[in-house]
Amino acid sequence: MSASQYRGQLDRKRKQRVDAEKKAGDYRAKESKKRADAARARQAAAKSKNASTIKSKNAEAVRRDKEAEAAGKEAGRWQAKASGYAKQESSLAEKLASAERAEVTAAERKRQREQQRAERDASAQQAAFDARLQQTEIAVNNAVRELRAPKPEKLRVLLLGASSAGDLRVGREQKRIRAAVESALHRDMIELDVRPAATTDDLLDGITKFRPHVVHFSGHGDVDLIELEHGRDEPHEGHVVTAHAFSRAVAATDDPPLLVLLNACNSAGQIDDLVESVVPFAIGMADEIADGDAITYAAQFYASVANGQSIQSAHLAGQAALELAGLEGAELPTLAFAPDVDPATTILVQPAP
């Protein structure tokens with residue numbers, strides 16, 4: 001992942017750690033107060049000669065001790081969370097430093113190559129140099145890839161959902177996407193192939209038979225894997241598919257997709273490789289994303305696509321939907337694209353005149 005992605009993850013982990021430490025401190029203070037209340041109740045019982053008062057104060061002391069013990073356990077639990085976040089924060093800081101060093105090294109190499117090229121060009125005659133420069137500028141302006149132009153055919157979207165343990169609401173997400181498309185301006189221009197409980201067979205069959213323009217996966221994932229299902233009826237451990245194997249499956253067609261959307265935690269780690277060798281556009285999540293956030297982003301993204309918006313506008317609309325709903329994951333969806341395409345001008349649904 002890029003340094004900016006690691007930086008965003010680091011900021012989020014730091015906030016989680018600070019919040020956990022604050023909660024641990026609050027519970028410690030509550031524990032101390034309850035201990036003090038218990039001590040005062042016992043002192044009152046010791047000073048009193050009234051049997052009823054003694055009994056009442058001793059009972060109060062027992063209650064305060066139990067409340068103190070409960071607060072202490074909560075403080076310990078939040079402190080353990082803070083320690084876990086601190087370890088993740090340290091790991092992300094190391095990865096960020098490594099990514100920054102790599103980007104500095106790459107930038108320096110690029111600068112050196114450009115300098116060497118400039119020195120070679122300077123040895124040519126000025127007139128010839130001007131002519132070549134003009135030709136280069138024209139070539140750069142025309143370098144944007146000629147993507148498959150919108151055809152009278154529908155935009156085909158392959159929806160793969162997997163939650164073998166039943167802990168994710170992938171069915172809800174697919175329902176929200178279908179509803180969003182059906183209420184959009186160009187709803188008749190999109191065809192959905194919905195495959196819940198998706199297996200590797202669904203992946204390959206969907207790619208080769210349905211030939212989608214968009215491949216959407218919702219389920220568990222990480223920087224280098226996604227988790228599909230086995231063909232079983234009962235809850236089970238998912239089938240882990242490496243990012244490399246997934247990208248090879250997506251590329252195994254004469255008509256590769258234009259976009260892959262991985263609606264899974266930490267899946268942004270896969271999108272750079274996808275746009276480098278498989279598809280011109282890819283979207284992934286930069287960190288762990290809540291189920292509701294993922295569903296909201298996906299529904300708005302496809303609603304915007306079906307309304308004739310560009311890929312970039314649909315992506316921004318999905319992020320805006322999260323912020324407008326008061327959700328915290330607006331910065332997690334990440335769009336990557338090849339250097340020779342422009343997401344701001346690429347429209348996936350464009351009816352014929």
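Here are some notes on this predicted model, going from the whole chain down to single residues.

1. **Overall shape.** Start with the outline of the chain. A compact globule of 353 residues would have a radius of gyration near 20 Å, whereas this protein chain comes out at 28 Å. The C-alpha trace tells you about the extents: about 110 × 55 × 35 Å along the principal axes. As for burial, 40% of the 353 residues count as buried.

2. **Secondary structure.** If you are counting elements, you should get nine helices and nine strands for the protein chain. Two of the helices, α1 (3-47) and α2 (51-122), come back in the point on the pocket.

3. **The β7-α7-β8 unit.** Have a look at strand β7 (residues 259-263), helix α7 (residues 268-277) and β8, which together make a right-handed β-α-β unit. The two strands pair in the parallel sense, over three bridges. To find your way around, use V260, which stands opposite A282 in β8.

4. **β8 and its other partner.** Strand β9 (residues 333-337) pairs with β8 as well, but in the antiparallel sense and over five bridges. Here the handy landmark is M285, with P333 of β9 opposite. So β8 has a parallel pairing with β7 and an antiparallel one with β9.

5. **Which way do the residues of β8 point?** In a regular strand, side chains alternate between the two faces of the sheet. In β8, F281, I283 and M285 point one way, while A282 and G284 point the other way. Both sets are buried, and that accounts for five of the five residues in the strand (residues 281-285).

6. **The β4-β5-β6 sheet.** There is also an open sheet of three strands, in the order β4-β5-β6, with antiparallel pairing. Its edge strands are β4 (221-222) and β6 (239-242), each of which pairs on one side only. Between β4 and β5 (residues 225-228) you will find two bridges. One to check on screen is D222, whose bridge partner in β5 is L225.

7. **The largest pocket: where is it?** Its lining takes in 19 residues, and R12, K15, Q16, E288 and E328 are the ones nearest the centre. The volume is about 460 Å³. α1 gives the largest share of the lining, with eight residues; α1 and α2 each supply at least two.

8. **The largest pocket: what is it lined with?** By class, the lining has 11 charged residues, six nonpolar and two polar. Among the residues nearest the centre are R12, K15, E288 and E328, so have those side chains switched on when you look at this lining, given that Asp, Glu, Lys and Arg count as charged.

9. **A197.** This residue has a phi near 50°, a positive value in a residue other than glycine. You will find A197 in the loop between β2 (190-195) and α5 (200-210). Is A197 buried or partly exposed? A197 counts as partly exposed because its relative accessibility is 40%, and buried would need a value under 20%.

10. **R211.** On the other side of α5, in the loop between α5 and β3 (214-218), sits R211. R211 is not a glycine either, yet has a positive phi of about 50°. With a relative accessible area of 34%, R211 is partly exposed.

Technical notes
Residues numbered from 1 in each chain as written. Predicted model: local features only at pLDDT ≥ 70, side-chain atom pairs only at ≥ 80, totals over all residues. Heavy atoms only, no water. 1 Å grid on protein atoms, 1.4 Å probe; cavity = no way out; pocket = protein on both sides within 12 Å on 5 of 7 lines; lining within 4 Å. Points joined across faces, edges and corners; volume = space filled by probe spheres on them. Helix = DSSP H or I, 4+ residues; strand = E, 2+ residues; numbered from the N terminus. Pairing = 2+ DSSP bridges. Buried < 20%, exposed > 50% of the residue type's maximum accessible area, 1.4 Å probe, protein only. Right-handed = clockwise from strand over helix to strand, strands pointing away. Rg over C-alpha atoms; globule rule 2.2 N^0.38 Å.
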